[in-house]
Amino acid sequence: MIDAMATRGAATERTATADEVLVDLYRAHYRSLVRLAALLLDDVGTSEEVVQDAYIRMHGAWNRIKDPDKALPYLRTTVVNLSRSRMRRRQVAQKHAPKPMPDAPSAEYGAIALAERDAVIGALRTLPDKQREALVLRYYGDLSEADIAAAMGVSQGAVKSHLHRGKAALARHLETES
Amino acid sequence: MNTDEKIAAILRTEAETVEPSAAGYDAIRAGIATRSRRLWWLRGGGLAGAVLTGTALAIFVATSGGTPNAIDQRPASPAPSATDSASAAPEPSATPPAVISTIPDDQPLGTIWPVTTGAELRAWQADPETYPALKNADSSTRAFVRGYLGIDEPDLEYVGDGAGEGGVTVTRRDTADSVPITTLKVKGFGADGGAPWLVTEATSSEVTIAAPRSGATVSSPLTANGTYRVVDPRFLVSLRADGSGSAPVELAQTRATTGPPADWTATLPFTTSAGTGSVLVTYTSAKDGAIAGAAAVPLAFGAATPAAAAPDTFVAAREGRIALLSARTGDVVRWLTEQIPGGGAPDPQLSEDRTTVVYSQGAGTCSSEIRSVPVSGGAPTTLVDTTHGVVSLPSRRGDAFAYYRSTCADGSTYPDATHEIVTVVSRHQSTIPVDGAAHGIVVGERFLLYVTEKDGATLLHMPDLYGELADSPTAPPSGCQWAAATWGPRDANDREQVVAAARCPTKDDPGNTVLYRLDADGRNRTEIGRMAAVNVRWLDYDASRTSLLLGMSAHVGGDECATVYGDPPRDITCAAWNPTW
């Protein structure tokens with residue numbers, strides 16, 4: 001009986017730690033991760049599902065992760081992998097129709113022409129998955145090539161290549177709109 | 001601004017147009033709860049459950065002196081309001097309660113959702129943080145409205161005491177003069193009448209559920225009925241299972257038939273492996289389509305409604321051959337044919353008894369054959385030879401057989417080709433002229449099913465196999481084109497229903513696809529699912545009509561893949577052309 005209680009107490013302690021990390025990461029990064037996923041995917045609802053799933057997996061894997069510093073990279077990698085999977089699997093949204101991305105630009109960035117943005121975002125969506133992932137992690141996530149490589153599960157050399165090609169493709173649209 | 005800065009600014013601007021919904025944290029907690037519940041169920045009544053129960057009982061006796069058969073719950077601090085959860089996530093983990101329920105695992109509690117059995121109650125008591133909203137009546141009703149009724153609106157007003165006899169009445173603030181949406185009866189299932197707080201009934205003054213009664217044990221098909229006071233009502237009646245997922249599982253849904261004197265009725269055939277569930281009746285506002293009223297009662301499912309497991313294998317074309325593939329791994333279990341000349345689509349279709357596959361095979365310019373091959377391996381048999389011209393799309397069921405035939409001369413006269421479908425039923429042969437190109441022929445019990453396309457417009461056909469009834473094709477919904485169809489689960493009258501996929505492109509998604517269910521005569525079209533960014537080309541139910549297999553190609557990448565439709569979907573494999581099971 002004592003052993004059983006001790007075992008249960010230890011399990012409760014691990015869960016509490018996972019919960020603390022979950023709450024901290026939710027407060028600090030949930031919104032930005034949904035936005036990152038929304039750039040990788042094509043609707044907000046699916047992006048939220050992906051990010052929520054990533055948090056759930058992180059919580060479930062806490063006994064393996066243990067280190068809070070590794071939690072965000074774990075989340076980010078999971079979001080990228082799940083987004084890639086969703087794109088490939090064409091996520092079924094049985095109960096909720098996809099929510100379209102809002103069209104209006106924010107006032108803060110009103111200086112950026114809507115047509116140019118539409119062209120670049122449109123071009124981004126047509127890029128191969130890995131080029132799109134690399135660009136989003138670099139230009140929205142502001143990650144280093146090493147961090148991008150870790151998140152994507154590829155080499156830094158591959159990241160350079162994806163970034164170069166993806167950027168060249170987007171640059172063509174920027175030039176066209178200019 | 002250089003290119004890097006421009007791209008970064010554009011991505012940031014685009015990203016900042018995205019505002020996550022307010023329910024993110026609750027959804028995560030619900031997902032974690034589901035995961036915990038799954039783990040708990042996996043352990044079943046085994047060691048972990050026994051250890052926790054034994055520990056708990058010992059503490060209860062020591063501290064309370066009560067009987068160990070009681071349900072107890074230490075007072076818990078109130079959980080945050082559901083509407084507050086996005087901006088301020090609740091602090092984690094209170095101390096788990098010491099006393100665990102001893103209600104048998106499978107015993108229904110008479111609650112609607114999300115905790116409905118003794119096992120689930122015990123799991124929650126072991127770790128209330130899996131679903132903290134149940135810690136008090138107020139947050140429990142809010143979580144129910146959002147998670148079960150699917151109403152996620154900030155302007156709801158909750159009036160009443162969850163612990164009181166009158167229940168909690170939910171009304172929209174902006175329609176103060178209208179009737180309430182629902183009144184929720186909430187009960188505490190702790191020994192002291194406290195947490196977990198669970199909804200036992202949802203009632204409405206405008207619609208009542210007379211049958212099934214609250215807590216009834218039901219079997220398929222379920223006949224539900226009740227009364228209503230709404231003018232010109234459109235009731236949606238849903239039968240739901242309380243599965244292991246974070247949301248209730250929709251087993252069946254139908255529009256109620258209404259008639260004087262203000263009675264409604266609905267019949268819902270279903271299969272499920274769940275033990276508990278509920279019937280939910282809703283009606284929507286004519287003004288904005290929002291749910292205007294809701295009533296629900298909890299149910300238990302009889303033992304005679306197990307869900308059939310999806311097949312372990314399926315048949316598809318891969319690398320120009322027909323193969324039996326594992327539905328778990330997508331690996332080839334057995335090649336059924338050699339390389340088929342021309343490498344074209346051989347249209348395989350697996351028989352209902354899963355013993356043979358019919359398929360088409362090119363036999364030179366302007367000629368093809370239809371063959372059959374045993375799934376167990378062996379030599380193919382020719383069913384329709386090359387003297388019949390270009391034949392394809394074979395479908396066979398019992399003694400009925402159908403295929404597509406088009407004329408062809410020197411391979412260059414397609415504009416003038418004639419197209420027809422040949423049906424053979426008990427040696428009686430007939431032909432059905434086809435205007436345009438046909439695809440997806442599926443023989444049903446009495447009717448044939450196929451889609452035609454001409455000048456970019458598609459029609460869904462369900463002609464009589466015997467040629468006795470005129471074909472009256474069904475047009476796709478506005479803005480859509482039919483992509484594929486198959487025979488699906490039976491309706492209340494034991495008639496096969498049609499399940500069809502329609503491609504309904506949107507500005508953002510050319511692959512937006514909607515799944516519909518229709519009566520065998522093409523009427524009563526009901527949306528049953530929605531998919532983003534897909535190109536469904538084939539549909540096939542298994543023999544039990546419980547698992548739908550999608551053959552699709554993504555418009556990004558273009559691979560042909562086999563996916564089991566569900567929530568979530570389960571991809572089996574790619575490079576699988578025309579999957580069938």
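**Close-up views of a two-chain model**

**View 1. Arg328(B) and the residues it touches.** Not counting its neighbours within four places in sequence, Arg328(B) makes contact with Asp312(B) and Arg570(B). This is a predicted model, so take the views below in that spirit. Arg328(B) sits in the loop that links β15 (321-326) to β16 (332-335) of chain B. Its partner Arg570(B) is 242 residues away along the chain, yet the two C-alpha atoms are separated by 9.5 Å. Is Arg328(B) buried or exposed? Arg328(B) is exposed, with a relative accessible area of 71%.

**View 2. The disulfide in chain B.** Over all chains, the structure holds one disulfide. Cys480(B) and Cys504(B) form it, with their sulfur atoms 2.0 Å apart. The torsion about the S-S bond is about 110°, so this disulfide is right-handed. Cys480(B) comes from the loop between β27 (457-461) and β28 (481-490) of chain B, and Cys504(B) from the loop between β29 (496-503) and β30 (513-518), so the pair ties together parts that are 24 residues apart in sequence. Both Cys480(B) and Cys504(B) are buried.

**View 3. Helix α6 of chain A against helix α1 of chain B.** Here the axes of α6(A) (residues 129-140) and α1(B) (residues 3-16) come within 9 Å and cross at roughly 90°. The two helices are therefore roughly perpendicular to each other. On the chain A side, Leu135(A), Val136(A), Tyr139(A) and Tyr140(A) make the contact. From α1(B), the residues taking part are Asp4(B), Ile7(B), Ala8(B), Leu11(B), Arg12(B) and Ala15(B). Sorted by class, this contact has eight nonpolar, no polar and two charged residues.

**View 4. Helix α4 of chain B.** How many residues of helix α4 (residues 118-126) of chain B are buried? Nine of the nine are, so the helix is largely enclosed by the rest of the structure. The buried residues of α4(B) include Glu120(B) and Arg122(B), along with Leu121(B) and Trp124(B). Gly118(B), Ala119(B), Ala123(B), Gln125(B) and Ala126(B) are also on the list.

**View 5. Chain A and its helices.** Chain A has eight helices and zero strands, so to read it from the N terminus on, just follow α-α-α-α-α-α-α-α. Of its 178 residues, 51% count as buried. Among contacts in chain A between residues at least 6 apart in sequence, 67% join residues at least 24 apart. The accessible surface of chain A comes to about 8,400 Å², and 51% of that belongs to carbon and sulfur atoms.

Methods. Residues are numbered from 1 along each chain as its sequence is written. Chains are lettered from A and ligands numbered from 1 in the order in which they are written. This is a predicted model: local features need pLDDT of at least 70, side-chain atom pairs count only at pLDDT 80 or more; totals for chains, interfaces and linings use all residues. Side-chain values use heavy atoms; hydrogens and water are left out. Axes are lines fitted to C-alpha atoms, for helices over the stretch in contact, and angles run from 0 to 180 degrees between N-to-C directions. Helices (H or I, at least four residues) and strands (E, at least two) are DSSP runs, numbered from the N terminus. Angles under 35 degrees count as roughly parallel, over 145 as roughly antiparallel, 65 to 115 as roughly perpendicular and the rest as oblique. Contact means heavy atoms within 4.5 Å. Ala, Val, Leu, Ile, Met, Phe, Trp, Tyr, Cys and Pro count as nonpolar, Asp, Glu, Lys and Arg as charged, and the others, Gly among them, as polar. Buried means under 20% relative accessible area, exposed over 50%, partly exposed in between (1.4 Å probe, protein chains only). A disulfide is a pair of cysteine sulfur atoms within 2.5 Å. Accessible areas come from the Shrake-Rupley method with a 1.4 Å probe; for residues, only the protein chains shown count as cover.
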